[in-house]
Amino acid sequence: AVARFDSNARMMARDKVWAAMYPDSFAAYYGYSMGALEEGRYADGLAFLTPALTPRNPTQGNARFLQGVLLLALNRYPEAKTAFQQAESMGVGGDKLEMAELYAAQRDFAGARNVLQTQRASGMAGKDVSLQMDEHLFLLDEGKWQAALKSLAALQARATADNPDQGLALE
């Protein structure tokens, strides 16, 4: 990840110039599109990302994953699923929250839970707690209030045991 020392607008402007000057500098397309995602400019980010979706890009899998996130934000679910599957086939793995959210957005909560079940632990307690943040939200979406509260309480207890500050934040 690149450290960010400026506003999104300035970073995106820099990335746009960088991409224009060096069309094979795929990090420029990725950086601009990440900024667009953060700004809620999903269609803009998706359009700008296109040159990074090439086999010439050694990090094409990451670009495919970002494509999936942007497509999900645009409610283009079948295309998002394809992009996530392509990213996974290229070795991008780990965080499966966005794929689970893809199912949940389509009200397929069983599918969302199945995806979360395949989530591998990172070995970092704080990160692993954040990977479990959607479970109770899916239960809320289903109208299962008591189950959601129970799930959140269990998550808060796990977080407190691993990192008291994170547990306090979940109270």
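E142 is partly exposed in this predicted model, with a relative accessibility of 24%. That value is above the 20% under which a residue counts as buried. The residue forms a salt bridge with R113, in which the closest N and O atoms are 2.7 Å apart. R113 is likewise partly exposed, at a relative accessible area of 30%. The two partners sit in separate elements: R113 belongs to helix α7 (residues 109-117), whereas E142 lies in the loop between α9 (134-141) and α10 (145-162), so the salt bridge ties together parts that are 29 residues apart in sequence. The pair is also part of a network, in which salt bridges that share partners join R113, E142 and K144.

The structure holds seven salt bridges. Side chains of opposite charge can pair when their charged atoms come close. One of the salt bridges is formed by R14 and D15, with a distance of 2.4 Å between the closest N and O atoms. Its two partners fall into separate classes of accessibility. R14 is partly exposed, with a relative accessibility of 40%, while D15 has a relative accessible area of 2% and is therefore buried.

A further salt bridge joins the side chains of K96 and E88, at 2.6 Å from N to O. Here the lysine, K96, is the buried partner, with a relative accessible area of 16%. This figure lies under the 20% cut-off, so K96 counts as buried. E88, by contrast, is partly exposed at 40% relative accessibility.

Definitions and conventions:
Residues numbered from 1 in each chain as written. Predicted model: local features only at pLDDT ≥ 70, side-chain atom pairs only at ≥ 80, totals over all residues. Heavy atoms only, no water. Salt bridge = Lys/Arg side-chain N within 4 Å of Asp/Glu carboxyl O. Buried < 20%, exposed > 50% of the residue type's maximum accessible area, 1.4 Å probe, protein only. Helix = DSSP H or I, 4+ residues; strand = E, 2+ residues; numbered from the N terminus.
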